[in-house]
Each structure stands twice: as structure tokens, then as C-alpha cells.
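Got your viewer open and a selection box ready? Let's take a walk through this one together, stop by stop.

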Amino acid sequence: MSVFKPRDWGSHAPLIAPGYKSTLLRGPSRAPLAIKSGLTEGTGPRFAPASVRELDFDLTKNGITNGAPLGERIVVHGRVLDTDGRPQPDIVVEVWQANAAGRYVHKVDQHDAPLDPNFRGSGRCMTDANGNYMFYTIKPGAYPWGNHFNAWRPNHIHLSVFGPGFATRLVTQMYFPGDPLLDLDPIFLETKDAAARERLIAKFSIEKTEEGFALGYQFDIVLRGRNGTPMEN
């Protein structure tokens, strides 16, 4: 059984954040109870390579019906690391996002923007022996979300990992450098620690940029600890 260091709750957004209105309805009204870690928390689901299909990592191809998806192609890569910076192999990284016009493939999303018949906006990949992951996708568009007057979400990609145990479960969002909406977004800003917020922003990577095809972005994921990647509010 793995033993994990405590989370640094100061680097995560609060469960109830007045600026993010829906948390007032769904956030817990009582403080969480600390429980002693046991077998359940120290172990977690283990995924075999068969859990990831051939095109799951390539969102520019896994939803094609009659042509290529529209938008700016990007390649996102990074490493999944533990608290002490050790690579985490064989970890499934799941992603989902809006399309280039800022529209999700979901019945609840009725934003007045077009759906792309060749882009489903979801996929998964598995880390290698050195904790590396990589996927191709389309840069997501901004979209209005009704939280307040003229509210728009910055471009972002959702990521989900389990890590080596349930205690390392993480759902987070990756943002893009230089986005002017970051300074106006309550979800991003509710991560109060400035250094922690910076860990939510990917870094442009010319090394991973592919000639004539896609711009590269690096987004490392750290599970728990002082330098942990903040959780999604």
C-alpha cells in the first residue's frame, strides 16, 4: 500500500466560492472530516494498456465522420509526478473540452455556437515508464457561462487522473498562456495562491511544436504535496 503526504489545501480552491455561484448550492456546508488512510486510500484502480484504444490520444482523429475537425491543432504533453517529483508510469490521463467554437458535445450545452461533426472533444492516453503523456487536439474556444454579466470562460482543457491510489485522485483544468480572460475568471481566480494558479497554465513548447502541423504545450501534473496541481473547484 502506498503512503501519501497530506494535501496542501492552501493551494486548492475552496469548496464554496461566492464568486463561483454554483458552489453555493453544491458545496458542503460542513467542514470535511479527516480520516486515517487505509488500504482503500492507498491503492487504486490499475489500468492495462488495453484500456486505451489506438486513437484515444488523438482528438483530431478519434471523432472524424467526414473530414478533419476545424480549428487550431495543438499537441499537449507533460509528465505525471508524485509529491517528490518521481515519475508515475501506467497512469491513464483522461481529457475533455469544448471545440474550437467553444461548444461541448453534450445535450446540456446549448451555447449558440456550432458543433463540429468531426470533433467529439474527449480522449485518453497512458503515461509511459517515465511518466510522460501526450495527446493531439484542437485548441478549445472561449464560451459564455452565465455566472455573471458578460461572463466568458477562458480557453481550457479538463484533465482527470487517478494516480497510484484513490488518495491521489485529481480533476483539474489546463489553461493557456497569455489568455486575457484569466484575470476575469472566478474559477481560475478562486485558487488564491498565485504560485498554484501558475501551475494551472500550460507552457508553450517550441520543442514539441510540429513543423507545419501543431503548436506544442507542456502541462506537468503533480499529485498532492506542496507543489501539487490544484484541483478543479
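Start by selecting K192 and E190, and show their side chains: the two meet in a salt bridge, with N and O 3.3 Å apart. Keep in mind as you look around that this is a predicted model. The two partners sit in contrasting surroundings. K192 counts as exposed because its relative accessibility is 58%, over the 50% mark, while E190, at 9%, falls under 20% and so counts as buried.

Salt bridges can also link up: those that share partners join R53, D56 and R120 into one network. Select R53 and D56 next. Their side chains meet at 3.3 Å, N to O. R53 is exposed, at 56% relative accessibility, whereas D56 is buried, at 4%.

Now hop over to D109 and R103. In this salt bridge the closest N and O atoms are 3.9 Å apart. Are its two partners buried or exposed? D109 is buried, with a relative accessible area of 13%, and R103 is buried too, at 14%. If you feel like hunting for others, the structure holds eight salt bridges.

**Zoom out to the annotated domain**

Colour residues 43–225. An unreviewed UniProt entry annotates this stretch as "domain: Intradiol ring-cleavage dioxygenases". Over those residues the chain is 31% strand and 5% helix. Put a distance label between the C-alpha atoms at the two ends of the stretch, and you should get 17 Å.

**Two loops with a twist in the backbone**

Select D90, in the loop between β1 (73–81) and β2 (92–96). What is its phi? Phi of D90 is near 55°, a positive value in a residue other than glycine. D90 counts as partly exposed, with 48% relative accessibility.

Then jump to N150, in the loop between β5 (143–144) and β6 (152–153). Phi of N150 is also positive, near 55°, and N150 is likewise a residue other than glycine. N150 is exposed, with a relative accessible area of 56%.

**A strand residue on the inside**

Pick Y217, which lies in strand β10 (residues 214–218). Y217 counts as buried because its relative accessibility is 7%, under the 20% cut-off. Now add F204 to your selection: Y217 and F204 are 13 residues apart in sequence, and their C-alpha atoms are 4.5 Å apart in space.

**The cavity**

How many cavities of 30 Å³ or more does a search of the whole structure find? It finds one. The largest cavity has a volume of about 80 Å³. To see what surrounds this cavity, select its lining: A13, T172, Q173, Y175, I187, F188, T191, L200, P230, M231, E232 and N233. Both β8 (170–175) and α3 (186–189) supply at least two residues each to that lining. The largest share, three residues, comes from β8.

**Last stop: a nonpolar patch**

Switch on the surface and select L15, I16, L24 and L25. Together they make a nonpolar surface patch of about 430 Å². Finish on L25, whose place is in helix α1 (residues 23–26). L25 counts as exposed, with 80% relative accessibility.

Note on methods: Residues are numbered from 1 along each chain as its sequence is written. This is a predicted model: local features need pLDDT of at least 70, side-chain atom pairs count only at pLDDT 80 or more; totals for chains, interfaces and linings use all residues. Side-chain values use heavy atoms; hydrogens and water are left out. UniProt positions are given in the numbering used here, feature names are shortened, and annotations may be inferred rather than shown by experiment. Helices (H or I, at least four residues) and strands (E, at least two) are DSSP runs, numbered from the N terminus. Buried means under 20% relative accessible area, exposed over 50%, partly exposed in between (1.4 Å probe, protein chains only). Patches are made of residues with over 30% relative accessible area and no salt bridge: like charges are joined within 9 Å, nonpolar side chains (Val, Leu, Ile, Met, Phe, Trp, Tyr) within 5 Å. Accessible areas come from the Shrake-Rupley method with a 1.4 Å probe; for residues, only the protein chains shown count as cover. A salt bridge is a side-chain nitrogen of Lys or Arg within 4 Å of a carboxyl oxygen of Asp or Glu. On a 1 Å grid over the protein atoms alone, a cavity is a set of points where a 1.4 Å probe fits but cannot get out, and a pocket is an open set with protein on both sides within 12 Å along at least five of seven lines; lining residues have an atom within 4 Å of a point. Grid points are joined across faces, edges and corners, and a volume is the space filled by probe spheres set on the points.
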